[in-house]
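Dear colleague,

Please find the structure below, handed over for your own inspection. My notes on it come after.

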Amino acid sequence: MKQDIIAVIGLGYVGLPLAVEFGKLFTCIGYDIDNKRIDELSNGIDKTLEVDIDNLKKSKRLIFTSEIDNIKCANIYIITVPTPIDKDNNPDISLLLNASKVIGQLLSKGDIVIYESTVYPGCTEEDCVPILERSSNMKYNKDFFCGYSPERINPGDKEHTLTQIVKVTSGSNPKIANKIDKLYKNIIIAGTHLVSSIKVAESAKIIENCQRDINIAFINELAIIFNLLDVDTKEVLDAANTKWNFINFRPGLVGGHCIGIDPYYLTYKSQKLGYDSKIILAGRKLNDNMPEYISKKIIEMMRKNKLSIKNAKILILGITFKENCPDIRNSKVVDLYNFFNKYKA
C-alpha cells in the first residue's frame, strides 16, 4: 500500500511544528513562499523559536522548499497560512483563498486538503472548496476530499507543545474523517477528538479564543472598577482564587495573532446571518481600549508626582505580545508606545 506524502503549506508558528512531527514518520514537504525562511530552516534556524535544532534534525523525512512544483507529489495537503483581519476588523482570508487556488491546480484524484487556519464557521466548504473545484476541474467529495483540524499552537509554551495538545479533527465524509483522525493520531500523543462535521470543528476553534477574550475583558473591567475603589486587584483575585471553581484570569493587554483577532471572525459571520454580537464585541472593545487606559493612568501618576510628560524618558520592558515569544504581531505594547509618543515623551 502506497504511503501518504504530506505537504504542509505555510511554515510559521503553526505549519513548522506540524511539518517537523510528520517528517519523523512520513515523507513530508514543508512549503513556504518566503525564500529566506526556507534557507533558515534548511540550516536549522527557526526564528519563531518554536522548534529547536535538535528536533529539526530528528525530522529525517522532512524537506523544505519554496518551489510549488516540489509538492505536486503529495496526496495530503495541509494549509496553515495566516488569517488576519483588515483595518476595519473584517476577516482577511486572501492568503487562504490564494493557497486554495494554488493547491487546487496540483490536486489529483483521491487527494485530501486539510485546513488548519482559523476561520469563521462555514469558510472551508463555502469559500475554499469552490476554489479547489474550479482550480482542479474536479468535484468535491467525489474526486477530492477535505478536512479541518484547527491549530492549537501556544507560542512560547514549551509544555503544551503540538503533540501534547488534543487535536480536534473532521472530514468531508465519515470515511475521510476517520482517515484524517488516524493520520493525526500518529503524531499527537495527547490524542484526537473527531467531530461530526467540518463546521463543528471550525466553530470549536473560534470559540476557544472568544472565551479567553471575554474572560480577560471581564477581569480588565474589574481592574478598572477596583482601581476606582482603591483596592488591589491582584489581592482580590488571589483571595477569590481560593474557591475551587474560580477561574483565575489576570488583567492585561490582549494582543497577538489569535485572541485579539479571531473573535472578529465569528462576529463577522453572525452579522452576515443577521445577528449583531453583544458580548463578544463588547469584550473586544474593552480589551482594545486597555492600552489607552493604562497610558492615561501612567500619565496621571506622573502628573501627581510632578513629572513632566513632554520629553520624559519612559522605559518599556517587553515589546512582544507575550513572554518567551518573538512575535510582535498585534502587540498592544506598540499602542502604549504610540500613545506616549503622541504626548512627546
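What follows is an account of one helix packing, the aromatic rings, and a few single residues.

Please keep in mind throughout that this is a predicted model.

I begin with the packing of two helices, H5, which spans residues 123-136, and H7, which spans residues 198-228. Their axes lie 9 Å apart and the angle between them is about 115°, and because angles of 65 to 115 degrees count as roughly perpendicular, H5 is described as roughly perpendicular to H7. On the H5 side the contact involves Cys123, Thr124, Glu125 and Glu126, and these meet Ile198, Lys199 and Glu202 of H7. Sorted by class, the contact of H5 with H7 holds 4 charged residues, 2 nonpolar ones and 1 polar one.

Helix H5 also contains Ser136, which counts as buried, its relative accessibility being 14%. Once neighbours within four places in sequence are set aside, the residues in contact with Ser136 are Gly104, Leu107 and Phe144. As a further distance for orientation, the C-alpha atoms of Ser136 and Asn75 are separated by 14 Å, with these positions 61 residues apart along the chain.

Turning to the rings, the count of aromatic pairs comes to 6. One of them joins Phe22 and Phe26, whose ring centres are 6.0 Å apart and whose planes stand at 70°, so this pair is edge-to-face. How buried or exposed are Phe22 and Phe26? Phe22 is buried, with a relative accessible area of 0%, and Phe26 counts as buried too, at 8% relative accessibility. Ring pairs also bring in Tyr184, so that Phe22, Phe26 and Tyr184 are linked into a cluster.

Tyr184 has a charged partner as well, since the charged end of Lys167 sits over the Tyr184 ring at 4.7 Å from its centre. A second arrangement of this kind involves Lys243, the charged end of which sits over the ring of Trp244, 5.3 Å from the centre of that ring.

Two backbone positions may deserve a look when you check the torsions. Asn89, although not a glycine, has a positive phi of about 65°; Asn89 belongs to the loop between strand S4 (76-79) and helix H4 (94-104), and with a relative accessible area of 30% Asn89 is partly exposed. Lys306, likewise not a glycine, has a positive phi of about 55°; Lys306 is placed in the loop between helix H10 (279-304) and helix H11 (332-342), where Lys306 counts as exposed at 78% relative accessibility.

The loop between H10 and H11 is also where Ile319 is found. Ile319 is partly exposed, its relative accessible area being 44%. Which residues are in contact with Ile319, leaving aside its neighbours within four places in sequence? They are Ile328, Ser331, Val333 and Val334. The C-alpha atoms of Ile319 and Asn338, which are 19 residues apart along the chain, are separated by 12 Å.

With best regards

Terms used:
Residues numbered from 1 in each chain as written. Predicted model: local features only at pLDDT ≥ 70, side-chain atom pairs only at ≥ 80, totals over all residues. Heavy atoms only, no water. Axes fitted to C-alpha atoms, helices over the stretch in contact; angles between N-to-C directions. Helix = DSSP H or I, 4+ residues; strand = E, 2+ residues; numbered from the N terminus. Parallel < 35°, antiparallel > 145°, perpendicular 65-115°, else oblique. Contact = heavy atoms within 4.5 Å. Nonpolar A, V, L, I, M, F, W, Y, C, P; charged D, E, K, R; others polar. Phe/Tyr/Trp six-rings, centres within 6.5 Å; stacked < 30°, edge-to-face > 60°. Buried < 20%, exposed > 50% of the residue type's maximum accessible area, 1.4 Å probe, protein only. Lys NZ or Arg CZ within 6 Å of the ring centre and 35° of its normal.
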